[in-house]
Amino acid sequence: ALDGPPGLHLVICKLLIDQLGGEISFSILDDGRTHSRVLLPLAAYPEQHRAKPLIDAAAPTAINPSPT
């Protein structure tokens with residue numbers, strides 16, 4: 001349940017973020033509010049997992065009718 005103390009939840013979040021190569025930080029603002037920051041890296045997929053283009057860039061874009 002999320003109604004308990006946040007300590008365990010934050011530890012779990014920190015472990016997951018660390019495994020993903022990210023960072024998490026907290027600071028208290030002058031007015032008493034808490035500022036949280038999560039940074040996660042963007043990863044490039046290996047070639048076999050990349051989305052295939054809808055249109056082949058090497059294919060001609062217009063069809064030329066043959067002369068008659």
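Here are some questions and answers about a predicted model.

User: Happy to start with the basics: in what order do the elements of the protein run from the N terminus on?

Analyst: Residues are numbered from 1 along each chain as its sequence is written. In this predicted model, local features need pLDDT of at least 70 and side-chain atom pairs pLDDT 80 or more, totals for chains, interfaces and linings use all residues, and side-chain values use heavy atoms, without hydrogens and water. The protein has one helix and two strands, taken as DSSP runs (helices H or I, at least four residues; strands E, at least two) and numbered from the N terminus. Their order is α-β-β.

User: Nice! Which residue in β2 stands opposite Phe-26?

Analyst: Strands β1 (residues 23-28) and β2 (residues 34-39) run antiparallel and are joined by six bridges; pairing requires at least two DSSP bridges. They form a hairpin with five residues between them, and Gly-32 in the turn has a positive phi of about 95°. Opposite Phe-26 stands Ser-36.

User: What percentage of the 68 residues is buried?

Analyst: Buried means under 20% relative accessible area, with exposed over 50% and partly exposed in between (1.4 Å probe, protein chains only). The protein exposes about 6,800 Å², of which carbon and sulfur atoms supply 62%. Of its 68 residues, the buried share is 3%.

User: And what share of the contacts with a separation of 6 or more comes from residues 24 or more positions apart?

Analyst: A contact here means heavy atoms within 4.5 Å. For contacts in the protein with a separation of 6 or more, the share from residues 24 or more positions apart is 0%.

Key
Areas by Shrake-Rupley, 256 points an atom, 1.4 Å probe, with all protein chains shown as cover.
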